[in-house]
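Thanks, everyone. Let's get the structure up on the screen and walk through it.

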Amino acid sequence: MFKILDKQELAESIIEYTIEARDIARHHHAGQFCIIRVHSHCERIPLSIAETNSQAGTITLVVQIAGHSTQELAQLEAGDSILDVVGPLGQPTKIGSPRRGIFVGGGVGVPAGSSMVRQMKQAGAQVLAIIGFRSKDLIIYEEKMRAVADELVVTTDDGSYGYHGLVTEPLQERLAAGEKYDVVITVGPVVMMRAVAEVTRPYGTHTIASLNPIMVDGTGMCGACRVTVGGETKFACVDGPEFDAHQVDFAELAQRLEIYRDEELRAHEAGPHECRLEQALKELG
Ligand code: FES
């Protein structure tokens, strides 16, 4: 069991948990994730690890309450425990030695970016962070990102705070102005990461996307997380979750996520104690 030490509501339906997970905290590197199970009949939820504190033996997870499983998680309070937290999973971020880098994050993809930005800084890079939200009331991790990046641009879709527009707009402006970057890392909704890849593609800027497919076992056995990258099938849980964004088949990824969205809706209507996703995977072969 993994004890919840702290719970904070960062914005509507976005919760930050600090969890006691000593081994994960000690071994985690930027870019890796974990899979949690709230109780024995619950689906597995893959989550990016936002922060770790190896001395305190804690990890920080930021969760968007969007479906049945995350609603079950949201009922837990500080002092409660989560049945399983498995990790760190996946490959650490590989950025080489960039002189200048950009992190582009959206929504709950932003917290995972703070450790990626820190890693770029440790590699000696100057880092611009562009983080986007639908509106001012949904902004999270602004101060944390400001503390680690050299420059921060916050965008809102509705113009209620910061730059009025999508994250791709300031990104496009910087590249079109001739600013040179060695790497762009993007974490967020599939549609956003796909758009980021299309902005950077003509400039030949190496772009890494942290993918978020459905995951079940997290060990490369079940195939639920398969994605196509450069025409080859990859398993995001063991080969990723980060891949060359210019090689990712984002249309296929979006389509697969859509299949499970319907299943999640049925699960929400069905009640709390069924392993619905795993059933769906069996049905899909
Ligand atoms: S989650 Fe099962 S293969 Fe990746």
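I'll take the overall chain, then one glutamine, then the cysteines.

Keep in mind that this is a predicted model. The protein chain has nine helices and 16 strands. Its radius of gyration is 18 Å, close to the 19 Å that the globule rule gives for 285 residues, so the chain is as compact as a globular protein of that length. Along the principal axes, the C-alpha trace spans about 55 × 40 × 35 Å.

Now burial and surface. Of the 285 residues, 52% are buried. The accessible surface comes to about 12,900 Å². Carbon and sulfur atoms own 48% of that surface. On contacts: take those with a separation of 6 or more, and 65% of them join residues 24 or more positions apart.

Next, Gln32. Where does Gln32 lie? In the loop between α1 (22-27) and β3 (33-37). Is Gln32 buried or exposed? Gln32 has 9% relative accessibility, and the cut-off for buried is under 20%, so Gln32 counts as buried.

What does the Gln32 side chain reach? One partner is the backbone nitrogen of His29, at 2.7 Å. Another is the backbone oxygen of Gly90, at 2.9 Å. Leaving out residues up to four places away in sequence, Gln32 touches His27, Ser48 and Ile49, plus Pro88, Leu89, Gly90, Gln91 and Pro92.

Last, cysteines. How many disulfides are there? Zero, with a cut-off of 2.5 Å between cysteine sulfur atoms. Two cysteines to look at: Cys237 is buried, with a relative accessible area of 2%, while Cys222 is partly exposed at 37%.

That's the tour. Questions, please.

Methods
Residues numbered from 1 in each chain as written. Predicted model: local features only at pLDDT ≥ 70, side-chain atom pairs only at ≥ 80, totals over all residues. Heavy atoms only, no water. Helix = DSSP H or I, 4+ residues; strand = E, 2+ residues; numbered from the N terminus. Buried < 20%, exposed > 50% of the residue type's maximum accessible area, 1.4 Å probe, protein only. Polar contact = N/O pair within 3.5 Å; in protein donor to acceptor, adjacent residues only side chain to side chain. Contact = heavy atoms within 4.5 Å. Rg over C-alpha atoms; globule rule 2.2 N^0.38 Å. Areas by Shrake-Rupley, 256 points an atom, 1.4 Å probe, with all protein chains shown as cover.
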